[in-house]
Amino acid sequence: VVLMTDDMRATDWQALPRTRERLGTRGTTFEHFILTTPVCSPSRASILTGMYAHNHGVLSNGKEDGGFSAFRDNDLADRSIAAALQGVGYRT
């Protein structure tokens, strides 16, 4: 299970006690990490595809080069981790 949040501070977990209890104590957190593109849509596209923004083409949060429309228009859904997992029988 990958739990991905946006603009969440460590203290925000206080509002999610059951989630923190069920996932936080048995999961993995990364205290030190690097974002290749610290913008929502490009970063999410990188997480879902494993590619850098200059390769997947989602470069902003909106307009023609960003957001879900850029993800869709660049045919990234078929090259995402979800598609790979579906291809081997997982339900996503």
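**Exercise 1. A residue with a positive phi**

Decide whether Asp75 is buried, partly exposed or exposed, then place Asp75 in the chain.

*Solution.*
- Step 1: Asp75 has a relative accessible area of 52%. Buried is under 20%, exposed is over 50%, and partly exposed lies in between (1.4 Å probe, protein chains only). So Asp75 is exposed.
- Step 2: Asp75 sits in the loop between H4 and helix H5 (81–87). Helices are DSSP runs of H or I with at least four residues, strands are runs of E with at least two, and both are numbered from the N terminus.
- Step 3: Look at the backbone. Asp75 is not a glycine, yet its phi is positive, about 55 degrees.

Two notes on the model. It is predicted, so local features need pLDDT of at least 70 and side-chain atom pairs count only at pLDDT 80 or more, while totals for chains, interfaces and linings use all residues. Residues are numbered from 1 along each chain as its sequence is written, and side-chain values use heavy atoms, with hydrogens and water left out.

**Exercise 2. Another positive phi, and a glycine**

Find the loop that holds Lys63, and give the phi of Lys63 and of Gly50.

*Solution.*
- Step 1: Lys63 lies between helix H3 (53–56) and helix H4 (67–73).
- Step 2: The phi of Lys63 is positive, about 60 degrees, although Lys63 is not a glycine.
- Step 3: Check the surface. Lys63 has a relative accessible area of 73%, so it is exposed.
- Step 4: Gly50 comes just after H2. Its phi is also positive, about 80 degrees.

**Exercise 3. The whole fold**

How many helices and strands does the protein have, and what are its spans?

*Solution.*
- Step 1: Count the elements. There are five helices and zero strands.
- Step 2: Read along the sequence. The pattern is α-α-α-α-α.
- Step 3: Take the C-alpha trace. Along its principal axes it spans about 40 × 30 × 20 Å.
- Step 4: Turn to burial. The protein has 92 residues, and 18% of them count as buried.
- Step 5: Look at contacts (heavy atoms within 4.5 Å). Take those between residues at least 6 apart in sequence: 19% of them join residues at least 24 apart.

**Exercise 4. H2 and the nonpolar core**

Which residues of H2 are buried, and which residues form the largest nonpolar core?

*Solution.*
- Step 1: Helix H2 covers 40–49. Its buried residues are Ser41, Pro42, Ser43, Ala45, Ser46 and Thr49.
- Step 2: Ask what covers them. The cover includes H3 and H4.
- Step 3: Build the core. A nonpolar core is a set of buried Ala, Val, Leu, Ile, Met, Phe, Trp, Tyr and Cys residues joined through side-chain atoms within 4.5 Å. The largest one has five residues: Ala45, Val58, Ala70, Phe71 and Leu76.
- Step 4: Recall the general trend. In soluble globular proteins, nonpolar side chains tend to be buried together.
- Step 5: Follow Leu76. Leave out residues up to four places away in sequence, and Leu76 touches Thr49, Met51, His56, Val58 and Phe71.

**Exercise 5. Two residues outside the helices**

Compare the surroundings of Thr37 and Asp6.

*Solution.*
- Step 1: Thr37 is in the loop between H1 and H2. With a relative accessible area of 16%, Thr37 is buried.
- Step 2: List its contacts, leaving aside neighbours within four places in sequence. Thr37 meets Pro42, Ser43 and Ala53.
- Step 3: Asp6 belongs to the segment before helix H1 (17–24). At 36% relative accessibility, Asp6 is partly exposed.
- Step 4: Apply that exclusion again. Asp6 is in contact with Cys40 and Arg44.
- Step 5: Add a distance. Asp6 and Val39 are 33 residues apart in sequence, and their C-alpha atoms are 9.8 Å apart in space.

**Exercise 6. Salt bridges**

How many salt bridges are there, and which residues does each one join?

*Solution.*
- Step 1: Set the rule. A side-chain nitrogen of Lys or Arg must lie within 4 Å of a carboxyl oxygen of Asp or Glu. The count is two.
- Step 2: Asp12 pairs with Arg9, and their closest N and O atoms are 3.2 Å apart. Asp12 is partly exposed at 24%, whereas Arg9 is exposed at 56%.
- Step 3: Asp73 pairs with Arg72, with a closest N to O distance of 3.4 Å. Arg72 is partly exposed, because its relative accessibility is 45%.
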